[in-house]
Amino acid sequence: ILLPSALRKRVSWCAPTASLPLLASNGTADGVTVAPLSMQKGELVAIRSALEGSEPEERAELAFAAMATYSQVTLQPDGRLRLSPTLALHIGVLPNAHVWVGAHGDIVKLWPEGAWKGVLAATSTLLHEAVEASRRPN
């Protein structure tokens with residue numbers, strides 16, 4: 001996936017001079033969040049702690065859940081995200097498929113086309129309601 005140059009200019013870490021390791025977190029309908037691995041240390045510590053504090057029979061299930069939910073990806077200096085095969089399947093990177101990319105603050109999100117339509121419908125309604133509320137006299 002090639003991140004648009006306008007997005008790369010707005011996100012502080014999106015213009016690396018060398019390959020940058022990122023942590024990708026698979027949401028359900030909420031898409032995939034990617035951020036530098038260095039910014040996600042708390043999340044990694046929490047995962048390790050959950051694994052270490054679990055009972056042996058539960059540990060395997062938690063490990064599989066972590067592998068399905070989190071993956072390391074790489075941002076190349078030219079703006080390309082190198083995805084793991086699992087992550088590519090999750091966001092629908094198939095021939096002729098579209099992946100929607102957005103950013104807010106220092107977080108970049110990726111949505112498969114179907115999920116993006118749901119996000120857009122929900123957020124468009126919220127935005128419309130906010131605009132209409134701001135037009136009403138106090």
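**Exercise 1. Get a feel for the fold of the chain.**
Work out what share of the contacts with a separation of 6 or more comes from residues 24 or more positions apart, then describe the overall make-up of the chain.

*Solution.*
Step 1. Residues 24 or more positions apart account for 56% of those contacts in the chain. Keep in mind that this is a predicted model.
Step 2. Next, list the elements. The chain has 5 helices and 6 strands, and from the N terminus on they follow the order α-β-β-α-α-β-β-α-β-β-α.
Step 3. Now the dimensions. Along its principal axes, the C-alpha trace spans about 60 × 35 × 30 Å.
Step 4. Finish with the surface. About 8,800 Å² is exposed, with carbon and sulfur atoms supplying 60% of it. Of the 138 residues in the chain, 29% are buried.

**Exercise 2. Lay out the sheet.**
Find the strand order and name the edge strands.

*Solution.*
Step 1. The sheet is open, its 6 strands pair in the antiparallel sense, and their order is 4-3-1-2-6-5.
Step 2. Strand 4 (81-82) and strand 5 (99-104) each pair on one side only, which makes them the edge strands.
Step 3. Look at the strand 4 edge. Strand 3 (residues 70-75) pairs with strand 4 over 2 bridges, in the antiparallel sense. Here Thr74 has Arg82 of strand 4 as its bridge partner.
Step 4. Add the helix that covers this part. Helix 3 (residues 56-69) packs on the sheet and touches strand 1 (20-26) and strand 3. The direction of helix 3 makes about 30 degrees with that of strand 3.
Step 5. Move along to strand 6. Strand 2 and strand 6 run antiparallel and are joined by 3 bridges; Thr33 stands opposite Lys109 in strand 6.

**Exercise 3. Examine the hairpin of strand 5 and strand 6.**
How many bridges join strand 5 to strand 6, and which residue between the strands takes a positive phi?

*Solution.*
Step 1. The two strands run antiparallel and share 6 bridges.
Step 2. Two of the partners in strand 6 can be named: His104 is paired with Ile107, and Gly102 with Lys109.
Step 3. The hairpin has 2 residues between the strands, and Gly105 takes a positive phi near 65 degrees.

**Exercise 4. Place Gly102 in its surroundings.**
Is Gly102 buried or exposed, and what does Gly102 touch?

*Solution.*
Step 1. Gly102 sits in strand 5.
Step 2. Its relative accessible area is 16%, so Gly102 is buried, the cut-off being under 20%.
Step 3. Beyond residues up to four places away in sequence, Gly102 touches Leu7, Ile107, Val108, Lys109 and Trp111.
Step 4. Leu7 deserves a second look: Gly102 and Leu7 are 95 residues apart along the chain, yet their C-alpha atoms are separated by 7.5 Å.

**Exercise 5. Trace the largest nonpolar core.**
Which residues have the most contacts inside the core, and which elements give two or more residues to the core?

*Solution.*
Step 1. The core has 16 residues, and Trp13, Cys14, Val34 and Val108 have the most contacts inside it.
Step 2. Strand 1, strand 2 (32-36), strand 3 and strand 6 each give two or more residues to this core.
Step 3. Take Cys14 as an example. Leaving aside neighbours within four places in sequence, Cys14 is in contact with Leu3, Leu7, Arg8, Leu75 and Val108.
Step 4. For background, nonpolar side chains tend to be buried together in soluble globular proteins.

**Exercise 6. Compare two loop glutamines.**
Where are Gln40 and Gln76, and are they buried or exposed?

*Solution.*
Step 1. Gln40 lies in the loop between strand 2 and helix 2 (41-52). Gln76 lies in the loop between strand 3 and strand 4.
Step 2. Gln40 has 13% relative accessibility and so counts as buried. Gln76, at 12%, counts as buried too.
Step 3. Now list contacts, setting aside residues up to four places away in sequence. Gln40 touches Leu23 and Ala35, while Gln76 is in contact with Pro16, Ser19 and Arg82.

**Exercise 7. Check the length of helix 5.**
What span should the 23 residues of helix 5 (residues 113-135) have at 1.5 Å a residue?

*Solution.*
Step 1. The expected span is 33 Å.
Step 2. The end C-alpha atoms are 32 Å apart, so the model agrees with the expectation.
Step 3. The buried residues of helix 5 are Ala115, Trp116 and Val119. Strand 5 and strand 6 (107-112) are included in what covers them.

Notes. Residues are numbered from 1 along each chain as its sequence is written. This is a predicted model: local features need pLDDT of at least 70, side-chain atom pairs count only at pLDDT 80 or more; totals for chains, interfaces and linings use all residues. Side-chain values use heavy atoms; hydrogens and water are left out. Two strands pair if DSSP finds at least two bridges between them. Helices (H or I, at least four residues) and strands (E, at least two) are DSSP runs, numbered from the N terminus. Contact means heavy atoms within 4.5 Å. Axes are lines fitted to C-alpha atoms, for helices over the stretch in contact, and angles run from 0 to 180 degrees between N-to-C directions. The expected span of a helix is 1.5 Å times one less than its number of residues. Buried means under 20% relative accessible area, exposed over 50%, partly exposed in between (1.4 Å probe, protein chains only). Accessible areas come from the Shrake-Rupley method with a 1.4 Å probe; for residues, only the protein chains shown count as cover. A nonpolar core is a set of buried Ala, Val, Leu, Ile, Met, Phe, Trp, Tyr and Cys residues joined through side-chain atoms within 4.5 Å.
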